[in-house]
Amino acid sequence: IAERYCITREDALTREGYRHAGHIMLYGDSSAKLFGKIPIKHIVLMQMRFDGLLGFPGGLVNPSKETLEAGLSRELHEEVGVAVPVGVDNHVSSCLSPSSPRLITHFYIKKMTESELKEIERAAVTAATDHGLEVLGMVRVPLYFLKNGGGLPYFLSHSFISNSRAQLLSALQHCRLLSQGELEKAVRQAEQMRRTNSGDPH
């Protein structure tokens, strides 16, 4: 996320005439293995939105009526079926949106247990009011590398809403779920795939 766009949470709340949106990356450790041999290591949840773009759970919040964190928890209840408690200690960044004028995006990260994350995945289908409407389904981010760019590189080559792709990369580094070298490799391979798919050889 470009530093010039980011401000403090306190500064964000004093700015007049701005809308506010809160989103969160829910993640946790996993002992599971793909095909019984490739370690999953971590579960990171995102979602497929109604517009076909990938993004994090959350939405617009109104700081004049509720705290940012209470608003985000309310949005989570609608989108994943669970009112996940969110605190100020989960706050990571507040940034001026590069794609939407006069919008400040607040990003949070919360670590949970594997069983808690699985319960959220179940509730997102069975209890969330937005399932099948604003949210088409929860998605796990593949944090591994397969042959020919499979795994994270392919995932990053998909289309994301606003700055959520940058938020994902920043969060993976912040939580040390992947090394800097692994992230750079994934981004490089994803860009190569995008150019190949668009027919641009350069």
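## A charged pair on helix H3

Let's start with one residue of this predicted model. Glu-119 has a relative accessible area of 40%, so Glu-119 counts as partly exposed. Its partner is Arg-122, and the two side chains meet in a salt bridge with an N to O distance of 3.2 Å. Arg-122 is partly exposed as well, at 48% relative accessibility. Why can these two be described as about one helical turn apart? Because Arg-122 and Glu-119 are three residues apart in helix H3, which covers residues 114–126.

A simple idea lies behind such contacts: side chains of opposite charge can pair when their charged atoms come close.

## Bridges between distant parts of the chain

Helix H3 takes part in another pairing. Arg-140 forms a salt bridge with Glu-121, and their closest N and O atoms are 2.8 Å apart. This pair links distant parts of the chain, since Glu-121 sits in helix H3 while Arg-140 belongs to strand S10 (residues 135–140), 19 residues away. Arg-140 is partly exposed, with a relative accessible area of 35%.

Now look towards the end of the numbering used here. Glu-191 and Arg-165 also meet through their side chains in a salt bridge, at 3.4 Å from N to O. Here helix H6 (residues 180–198) supplies Glu-191 and helix H5 supplies Arg-165, with their positions 26 residues apart. Is Arg-165 buried or exposed? Its relative accessible area is 15%, so Arg-165 is buried. Glu-191, at 27% relative accessibility, counts as partly exposed. Elsewhere, salt bridges with shared partners join Glu-66, Arg-74, Glu-75 and Glu-78 into one network. How many salt bridges are there? The count comes to twelve.

## Helix H2, checked with a ruler

Helix H2 runs over residues 68–80 and invites a small calculation. Its 13 residues, at 1.5 Å a residue, should span 18 Å, and the end C-alpha atoms are indeed 18 Å apart, so the expected span and the model agree.

Several H2 residues are buried, among them Leu-68, Leu-72, Leu-76 and Val-80, but also Glu-69, Glu-75 and Glu-79. Just after H2 comes Gly-81, with a positive phi of about 80 degrees.

## Two unusual backbone angles

Most residues other than glycine have a negative phi. Which residues have a positive phi without being glycine? Lys-41 is one of them, with a phi near 70 degrees. You can find Lys-41 in the loop between strand S4 (38–39) and strand S5 (42–49).

Ser-162 is another, with a phi near 50 degrees. Ser-162 lies in the loop that runs between helix H4 (152–156) and helix H5 (164–174). With a relative accessible area of 40%, Ser-162 is partly exposed.

## The largest pocket

The largest pocket has a volume of about 460 Å³. Its lining is made of 24 residues, and those nearest the pocket centre are Ala-21, His-23, Arg-49, Gly-59 and Ile-161. Strands S2 (19–29), S5, S7 (58–61) and S9 (103–111) each give two or more residues to this lining, as do helices H2 and H5. By type, the lining residues divide into seven nonpolar, twelve polar and five charged.

## What the record says

UniProt, in an unreviewed entry, places the feature "domain: Nudix hydrolase" at residues 17–165. In the model, this span is 22% helix and 34% strand, and its end C-alpha atoms lie 26 Å apart.

Technical notes: Residues are numbered from 1 along each chain as its sequence is written. Side-chain values use heavy atoms; hydrogens and water are left out. UniProt positions are given in the numbering used here, feature names are shortened, and annotations may be inferred rather than shown by experiment. Helices (H or I, at least four residues) and strands (E, at least two) are DSSP runs, numbered from the N terminus. Buried means under 20% relative accessible area, exposed over 50%, partly exposed in between (1.4 Å probe, protein chains only). The expected span of a helix is 1.5 Å times one less than its number of residues. On a 1 Å grid over the protein atoms alone, a cavity is a set of points where a 1.4 Å probe fits but cannot get out, and a pocket is an open set with protein on both sides within 12 Å along at least five of seven lines; lining residues have an atom within 4 Å of a point. Grid points are joined across faces, edges and corners, and a volume is the space filled by probe spheres set on the points. Ala, Val, Leu, Ile, Met, Phe, Trp, Tyr, Cys and Pro count as nonpolar, Asp, Glu, Lys and Arg as charged, and the others, Gly among them, as polar. A salt bridge is a side-chain nitrogen of Lys or Arg within 4 Å of a carboxyl oxygen of Asp or Glu.
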